[in-house]
Amino acid sequence: MARDDRHDPTRPPPPSPRDLRASLSSSIGISQGRSGRGGRVEPHFAPEFDAAAPVEAATHPFIAPSDVPLATVEVPAAVVVEASGAPAPSPRRSATRRKGAEKAGRRKERPRTGTPETGGRDIVPPQAVAGRALVLVVAIMGFLACLAVGGLALVSEAARDWQLDVSREVTIQVKPVDGVAMEPRLKRATEIAQSTPGVRSARLVGESEGEKLLEPWLGSGLDLASLPIPRLVVIDLADPAAADLTALKARISAEVHGASVDDHSIWAARLRTMAGTAVVAGVAVVVLMLTAMVLSVVFATRAAMAGNRDVIEVLHFVGAEDRFIAGEFQRHFLKLGLIGGAIGGVAAILVFVVADFATRTRGDALSDQAHALFGGFSVGWSGHLGTVAVVAAVAVLTAVTSRRTVLGHLGRLD
Amino acid sequence: MVVEEHALGPPAPSRGRRRGGADGRERGDDLIRFENVGLRYGMGAEVLRDVSLEIAPRSFQFLTGPSGAGKTTLMRLLFMSLKPTRGLISVFGHDTARVTRAQLPALRRRIGVVFQDFRLLDHLTTYENVALPLRVLGKAESGYRADVVDLLEWVGLGERMHVLPPVLSGGEKQRAAIARALITKPEILLADEPTGNVDPPLARRLLRLFVELNRLGTSVLIATHDLALMEQFDARRIVLAEGRVRIYE
């Protein structure tokens with residue numbers, strides 16, 4: 001295959017260095033001339049270029065030594081290879097490089113018209129990530145999780161109040177005993193109670209008050225005097241922890257015939273159980289919701305990766321490490337998680353505020369009963385802090401899930 | 001003029017330096033070396049058979065052959081997108097069979113790849129596409145902005161740096177893809193049909209661009225079936241036919 005036509009007499013004579021410079025510059029589409037607009041290079045294509053010109057024979061290392069001083073052609077320092085195995089550049093080329101570097105340095109200092117200010121646009125296109133749908137899913141999950149956390153705070157706070165109320169009150173029950181007068185025993189029980197440490201007050205429940213307590217079960221208009229109805233002494237403890245209820249029980253049973261002390265421990269235990277169950281259920285609901293959200297993010301990340309397969313390939317071919325690619329996806333999903341979580345959190349807080357206003361006492365029976373039960377639908381600071389924590393957790397979970405999904409998927413590609 | 005045929009022969013040692021061919025160059029210095037490489041997809045017939053070749057530093061070569069001969073497959077092996085079924089591929093002295101996934105990015109950064117279909121990211125501007133490899137390296141934009149702009153001007157895209165790829169012409173896309181492959185100063189440039197989408201005059205201009213890059217120290221391998229293009233420049237030819245390689249120095 002005879003392709004060496006370098007000595008073809010019909011070909012034009014070798015160009016001078018100046019011609020070479022102009023020829024090469026035009027071949028790559030650039031005029032070395034400067035326009036009058038801020039000295040910017042004005043690119044244009046040569047109308048016709050003889051690619052078979054002898055310049056190749058002079059420059060290609062396999063054909064002939066590079067004895068033609070093409071090094072005078074200005075090239076950007078960005079493309080000059082500095083491989084360790086490459087021959088040392090000629091002094092003239094080095095000088096040209098230095099000149100080019102100096103020129104580049106000057107260019108950096110000079111304000112450039114049209115120079116991009118940022119290179120930080122998202123590498124993974126935002127529209128390629130199932131943005132709106134995922135934000136909606138995250139917002140809904142975040143909203144429900146925030147509601148659960150708020151409800152949890154409300155129930156646990158109410159249960160704590162109930163427990164406190166119940167444990168602060170102790171009742172001494174004095175049963176009627178045949179042949180034993182009731183009044184002295186009631187008086188003695190009240191005295192014992194008042195002398196017990198930690199007791200703030202002891203009050204004897206009057207007969208009419210006791211009858212009123214029974215009215216809901218027995219009806220009104222009955223003569224209760226003939227019935228053996230026990231009498232009560234209600235004790236209000238100043239500090240349930242400091243009160244010596246064991247000693248009180250011992251003294252009452254020893255000194256007051258037919259009397260017993262009810263410290264409501266059964267009710268307190270039931271309330272504790274109920275509150276604990278509510279907390280466990282609430283935590284389970286939050287965990288389930290966050291799990292569902294994590295799974296949604298996993299699917300969305302996989303879909304985003306499938307939709308950006310070309311982008312990932314390109315990133316791999318330009319030498320991107322997996323963690324860089326994962327970071328690009330993670331940034332996206334962190335943003336989505338923050339937006340979705342914030343929407344859900346704000347919506348939940350609005351619900352709390354509206355519910356708080358709606359359940360405040362208005363003087364009617366319904367609002368009074370609701371207020372008596374829950375103490376108002378105010379989630380308090382713990383609920384609001386929990387909501388903020390849920391929003392943060394949603395954002396972090398979204399980002400971490402997407403990162404791990406990307407890394408796992410890329411790892412499987414191997 | 002067939003200088004050397006690398007169809008068959010005993011496998012070359014995979015490690016260490018040894019004397020090379022007539023040029024007296026140490027073959028251990030090759031940037032990329034294939035030794036009896038074979039590749040098949042699944043249980044099908046071998047697409048590449050006993051391929052042995054080397055790409056030396058500062059060398060220029062064409063990879064050619066009829067359509068379906070395996071050029072793109074060979075290119076994918078060259079930039080480690082595929083692993084061979086058999087044989088040895090050494091890239092910068094690393095046996096690719098033993099290269100871990102964590103080592104791949106560092107090796108790939110030393111190779112510039114120009115795809116036939118450009119593979120530009122459509123949502124990034126020309127500037128951002130060209131700067132992508134530097135961004136991947138974690139460099140600050142203030143440190144590379146001038147280099148990217150210079151390179152874009154050098155390839156004649158100074159006025160098109162803010163434009164998204166869908167707006168660029170085929171030739172402009174090609175030059176943007178070349179600029180992206182060059183911005184990290186790769187030791188070797190692999191170009192798959194770089195002139196397949198451009199008219200002959202622009203093809204010649206791109207060829208001159210590659211020649212100039214080679215003169216500046218970059219090894220260049222151009223995969224093409226454009227005989228006219230190869231006739232314009234006397235360079236080593238790696239010809240693929242029926243899965244086998246013939247090399248014309």
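**Exercise 1. Find which residue of β6(B) stands opposite B:Ser90, then work out how β5(B) and β6(B) are joined.**

Start with the pair itself: B:Ser90 faces B:Asp95 in β6(B). Before going on, note that this is a predicted model, where local features need pLDDT of at least 70, side-chain atom pairs count only at pLDDT 80 or more, and totals for chains, interfaces and linings use all residues. Residues are numbered from 1 along each chain as its sequence is written, while chains are lettered from A and ligands numbered from 1 in the order in which they are written.

Next, look one pair along: B:Val91 has B:His94 as its bridge partner in β6(B). In total, 2 bridges join β5(B) to β6(B), residues 94–95, and the two strands run antiparallel. Strands here are DSSP runs of E with at least two residues, helices are runs of H or I with at least four, and both are numbered from the N terminus. Two strands pair if DSSP finds at least two bridges between them.

Last, check the turn. β5(B) and β6(B) make a hairpin with 2 residues between them, and B:Phe92 in that turn has a positive phi of about 50 degrees.

**Exercise 2. Put the strands of the chain B sheet in order and say which ones stand at the edges.**

Step one is the order: β3-β2-β5-β6 of chain B, an open sheet of 4 strands with antiparallel pairing. Step two is the edges. β3(B), residues 46–55, and β6(B) each have a single partner strand, so one side of each is left without a neighbour in the sheet.

Step three goes to β2(B) and β5(B). Here 5 bridges join β2(B) (residues 32–40) to β5(B) (residues 86–91), again antiparallel. One of the pairs is B:Gly38 with B:Arg86.

**Exercise 3. Place helix α1(B) on the strands and list its buried residues.**

First the placement: α1(B) lies across β2, β3 and β5 of chain B, at about 125 degrees to β2(B). Angles run from 0 to 180 degrees between N-to-C directions, and axes are lines fitted to C-alpha atoms, for helices over the stretch in contact.

Now the burial. Of the 8 residues in α1(B) (71–78), 6 are buried, namely B:Lys71, B:Thr73, B:Leu74, B:Met75, B:Leu77 and B:Leu78. A residue is buried if 20 or more other C-beta atoms, placed from the backbone, lie within 10 Å of its own; 12 or fewer makes it exposed, and anything in between partly exposed. For the chain B background, 57% of its 249 residues count as buried.

To finish, step past the helix: B:Met80 follows α1(B) and has a positive phi, near 60 degrees.

**Exercise 4. Classify the crossing of α3(B) and α4(B), and sort its contact residues by class.**

The axes of α3(B) (residues 126–136) and α4(B) (residues 141–154) come within 10 Å and cross at roughly 125 degrees. That makes the two helices oblique to each other. The cut-offs are under 35 degrees for roughly parallel, over 145 for roughly antiparallel, 65 to 115 for roughly perpendicular, and oblique for the rest. The crossing is right-handed, meaning the near helix is turned clockwise from the far one by less than a right angle (anticlockwise would be left-handed).

From α3(B), the contact uses B:Thr126, B:Tyr127, B:Val130, B:Ala131 and B:Leu134; from α4(B), B:Tyr144, B:Val148, B:Leu151 and B:Leu152. Contact means C-beta atoms, placed from the backbone, within 7 Å. Sorted by class, there are 8 nonpolar, 1 polar and no charged residues. Nonpolar covers Ala, Val, Leu, Ile, Met, Phe, Trp, Tyr, Cys and Pro; charged covers Asp, Glu, Lys and Arg; the others, Gly among them, are polar.

**Exercise 5. Do the same for α5(A) and α7(A), then find the strands that α7(A) touches.**

The axes of α5(A) (residues 182–195) and α7(A) come within 10 Å, crossing at roughly 160 degrees. The pair is therefore roughly antiparallel, and the crossing is right-handed. A:Arg188, A:Ala189, A:Ile192 and A:Ala193 of α5(A) meet A:Leu248, A:Arg251, A:Ile252 and A:Glu255 of α7(A). By class that gives 5 nonpolar, no polar and 3 charged.

For the strands, take the open chain A sheet of 4 strands, ordered β4-β5-β3-β6 with antiparallel pairing. Its neighbouring strands are turned by 20 degrees against each other on average, direction ignored. α7(A), residues 245–255, packs on this sheet and touches β3 and β6 of chain A.

Note on methods
Two residues are in contact if their C-beta atoms, placed from the backbone, lie within 7 Å.
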